[in-house]
Amino acid sequence: MNRNETPRVQPDPNGPVGPVDSSLVPRYAGPATFARLPRLDEVESADVAVVGVPFDTGVSYRPGARFGGNAIREASRLLRPYNPAQDASPFALTQVVDAGDIAANPFNINEAVETIEAAADDLLGSGARMMTLGGDHTIALPLLRSVAKKHGPVALLHFDAHLDTWDTYFGAEYTHGTPFRRAVEEGILDTSALSHVGTRGPLYGKSDLTDDEKLGFGIVTSADVYRRGADEVADQLRQRIGDRPLYISIDIDCLDPAHAPGTGTPEAGGMTSRELLEILRGLASCNLVSADVVEVAPAYDHAEITAVAASHTAYELTTIMSRQIAASRTA
């Protein structure tokens, strides 16, 4: 079925090509793209590209995040075109597409990192912003390298149970626990605007925290979110970010295992999916240039709990980017 034969939501015939019309094709049928959006090759150009990176060679505990992108896509079938929380129809405002997957060598991490960076360069070079579906957190480093080529050092909000600023694992510099130390060392992050959100759980030692602070990170723990609330946390993060170009990286294990059991390194005491979504909505005024959602491991999921949370997270991030692009065109 080609683009012209697919019944899609497209109120304006001259506007963006939208998702498959669920009043004509049931949500459990039709293309298995994110939110049943058109593929990149079905449109002339894209403003936001949702792309998968099925890579999990960098994990330190449970494998399986290589299947995360497609699990998120499957759960995204239930997403609808209008986002009432942000009062926006992201797929009508701009052209959002599914750009497929970046295929990376599963046996060579260094080569995989280079492949992901090159593919991200191509997508960003086309003018699109990226909404990446992981994959493990190793992929954040090549994505940040690519974004920094376009925007310079970027602010980073890192939602995660863990710091991911360790130096090496078994002598390996590129793993899912090291991407943000490497990113600081490479000068691709704005060290005046770095924050972890949702961290918790045991560490190897107190030096983990002091080393992280030296890199420039502030920390908002999951307990801070619980005690202070999503609105106050979002306000604090907005003030720290200012108008800098922002990259948001979300490890789904920032959520409690009750809300995201399907992940590689679960930790008790995490945020709820409601808290995560509300914090993201509170960041809608920030200059979000690209984002990722990683570490969904569907083999450990139950009733798509994790994949549903991840799909809604990606939807909120996509909405923010779409609104900003549309606003910039009318300014």
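A residue counts as buried when its relative accessible area is under 20%, as exposed when that area is over 50%, and as partly exposed in between (1.4 Å probe, protein chains only). The model is predicted, so that local features need pLDDT of at least 70 and side-chain atom pairs count only at pLDDT 80 or more, while totals for chains, interfaces and linings use all residues. Residues are numbered from 1 along each chain as its sequence is written, and side-chain values use heavy atoms, with hydrogens and water left out.

**Exercise 1. Establish which residues of helix 3 are buried and where they lie around its axis.**

Step 1. Helices (H or I, at least four residues) and strands (E, at least two) are DSSP runs numbered from the N terminus, and helix 3 covers residues 109-125.

Step 2. The buried residues of this helix are I109, A112, V113, I116, E117, A120, L123 and L124.

Step 3. Viewed down the axis of helix 3, these buried residues fall within an arc of 135 degrees, taken over the directions from the axis to the C-beta atoms, and so they line one face of the helix.

Step 4. The face turned away from that buried side carries the exposed residues E114, D122 and G125.

Step 5. The cover over the buried residues includes strand 1 (48-53), strand 2 (96-101), strand 3 (129-134), helix 4 (140-151) and strand 8 (287-294).

**Exercise 2. Describe how helix 1 and helix 9 are each placed against helix 10.**

Step 1. Two packed helices are described by the angle between their axes and the distance between the axes.

Step 2. The axes of helix 1 (residues 68-75) and helix 10 (residues 305-330) come within 8 Å and cross at roughly 80 degrees, which makes helix 1 roughly perpendicular to helix 10 (65 to 115 degrees).

Step 3. In this pair, A71, I72 and A75 of helix 1 meet A307, V308, A310 and S311 of helix 10, where contact means heavy atoms within 4.5 Å.

Step 4. The axes of helix 9 (residues 273-281) and helix 10 come within 10 Å and cross at roughly 5 degrees, which makes helix 9 roughly parallel to helix 10 (under 35 degrees).

Step 5. Here S273, L276, L277, L280 and R281 of helix 9 meet A309, H312, T313, E316, L317 and I320 of helix 10.

**Exercise 3. Characterise the surroundings of K150.**

Step 1. K150 is found in helix 4 and is partly exposed, with a relative accessible area of 44%.

Step 2. Leaving aside neighbours within four places in sequence, K150 is in contact with L124, G127 and A128.

Notes: Axes fitted to C-alpha atoms, helices over the stretch in contact; angles between N-to-C directions. Parallel < 35°, antiparallel > 145°, perpendicular 65-115°, else oblique. Expected span 1.5 Å × (residues − 1).
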